[in-house]
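Colleague: I am new to this structure and should like to understand the terms used for it. Please take me through them, starting with the pairing of strands.

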There are 2 protein chains.
Amino acid sequence: MYFEDYQPGAPVEHPATITVDQTAVIEFAEEFDPQYFHVDPEAAADGPFQGLIASGWHTAGLMMRLYADQFLSKEASLGGPGVDELRWPAPVRPGDVLRLRTEVLEARPSRSKPDRGLIRTRTELLNQHDTIVFSCEVLNFLAVRP
Amino acid sequence: MYFEDYQPGAPVEHPATITVDQTAVIEFAEEFDPQYFHVDPEAAADGPFQGLIASGWHTAGLMMRLYADQFLSKEASLGGPGVDELRWPAPVRPGDVLRLRTEVLEARPSRSKPDRGLIRTRTELLNQHDTIVFSCEVLNFLAVRP
């Protein structure tokens, strides 16, 4: 898959799922986001989310894993300059089962570097209740076909 | 620290630093972002960044750690709805030393929930060369003073 293979179109739901593991939630948060509602199940029960929830950055990482495995070209990826409008509209809890939906919004050749193009992809994670728990617009540079 | 203590003002550079560790870069990417330029130093040397670089989501996690430790109130944080204009303007490599700069852009009481307010904070990571390697605008809900 190269830049030319990514064209704006209908949303795609990808088949793989990730089940959110409580130990992984706590270990991620102990390293990167040690707020009590991410690391302490007992304190979290009395907190703003009535239970332990994943750090939003952990959820972003889970999205990236599904995105790298099922959407982003291994041959053509040249990294990404950023992400816009990242939102966590609902909590992610241990036991949740997440899947990825992608929709290419825009694909344009680079003006300065003719070996690549830039795509903008709306990216969502849905849980087992079909609730959107993460969304953003990802930017990716992709090599053109050699 | 409560919502009332976060007011728009001058940028603040925070003292703590994190040194990026190559093993941590690879382990994070093996779990969340297994692109070769994040997990394989030899292949990465011939890749688009001429060497191994951290996953952008790892960099985001390092930002969150510095932000949670030095900026975000432990008592008053009520989570965050999202992030805007996230950018990775320069690569993060093993050995880099990162520090945090924050600037509160906006602080407004919630209209629907009088117990809290929303702040918008421009957040940057700088490396040992004073290069900005990560920036975004973070949204946070904070409890008002009891």
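Modeller: Let us begin with one pair of residues: A:Asp84 stands opposite A:Glu137 in β5(A). This is a predicted model, in which local features need pLDDT of at least 70, side-chain atom pairs count only at pLDDT 80 or more, and totals for chains, interfaces and linings use all residues. Residues are numbered from 1 along each chain as its sequence is written, while chains are lettered from A and ligands numbered from 1 in the order in which they are written.

Colleague: What makes β2 and β5 of chain A a pair of strands?

Modeller: Two strands pair if DSSP finds at least two bridges between them. Strand β2 (residues 82-87) and strand β5 (residues 132-143) of chain A have 4 bridges and run antiparallel, so they satisfy that rule. The strands themselves are DSSP runs (E, at least two residues), as helices are (H or I, at least four residues), and both are numbered from the N terminus.

Colleague: Which sense do β4(A) and β5(A) take, and over how many bridges?

Modeller: Strand β4 (residues 116-126) of chain A pairs with β5(A) in the antiparallel sense over 11 bridges. Within this pairing, A:Arg120 has A:Leu139 as its bridge partner. The two strands form a hairpin with 5 residues between them, and A:Asp130 in the turn has a positive phi of about 65°.

Colleague: How many helices and strands does chain A hold, and in what pattern?

Modeller: Chain A has 4 helices and 5 strands, in the order β-α-α-α-α-β-β-β-β along the sequence. Its C-alpha trace spans about 55 × 30 × 25 Å along the principal axes.

Colleague: What is the predictor's confidence in chain A?

Modeller: The mean pLDDT of chain A is 98, and 100% of its residues reach 70 or more; pLDDT is the predictor's confidence in each residue, from 0 to 100. For the complex, the predictor gives an ipTM of 0.97 and a pTM of 0.98.

Colleague: How are chains A and B related?

Modeller: A turn of 180° and a shift of 0.0 Å along the axis lay chain B on chain A with an RMSD of 0.0 Å. The two copies are therefore related as by a two-fold rotation axis. The superposition is by least squares on the C-alpha atoms of residues with pLDDT of at least 70 in both. Among the residues of chain B, B:Asp84 comes closest to the axis, at 2.7 Å (C-alpha).

Colleague: Why is it said that the copies meet through the same surface?

Modeller: The statement holds because 100% of the interface residues of chain B are also interface residues in chain A. Contact here requires C-beta atoms, placed from the backbone, within 7 Å.

Colleague: How many residues does each chain bring to the contact?

Modeller: Chain B brings 25 residues and chain A 25 residues. On the side of chain B that touches chain A, α4(B) gives the most, with 7 residues. That side has 13 nonpolar, 7 polar and 5 charged residues, where Ala, Val, Leu, Ile, Met, Phe, Trp, Tyr, Cys and Pro count as nonpolar, Asp, Glu, Lys and Arg as charged, and the others, Gly among them, as polar. Across the two chains, β2(A) and β2(B) pair in the antiparallel sense over 4 bridges, and A:Gly82 has B:Arg87 as its bridge partner in β2(B).

Colleague: Why is B:Tyr36 called partly exposed?

Modeller: A residue is buried with 20 or more other C-beta atoms within 10 Å of its own, exposed with 12 or fewer, and partly exposed in between; the C-beta atoms are placed from the backbone. B:Tyr36 has 17 C-beta neighbours inside 10 Å, so it counts as partly exposed. B:Tyr36 is found in helix α2 (residues 36-39) of chain B. Leaving aside residues up to four places away in sequence, B:Tyr36 touches B:Ala43, B:Ala44 and B:Gly47.

Colleague: Which residues touch the most other members of the largest nonpolar core?

Modeller: They are A:Met63 and B:Met63, in a core of 52 residues. Such a core is a set of buried Ala, Val, Leu, Ile, Met, Phe, Trp, Tyr and Cys residues joined through C-beta atoms within 7 Å. Not counting residues up to four places away in sequence, B:Met63 touches B:Leu100, B:Thr123, B:Leu125 and B:Phe134. Another core, of 8 residues, lies apart from it and includes A:Val83, B:Val83, B:Cys136 and B:Val138.

Definitions and conventions: Two residues are in contact if their C-beta atoms, placed from the backbone, lie within 7 Å.
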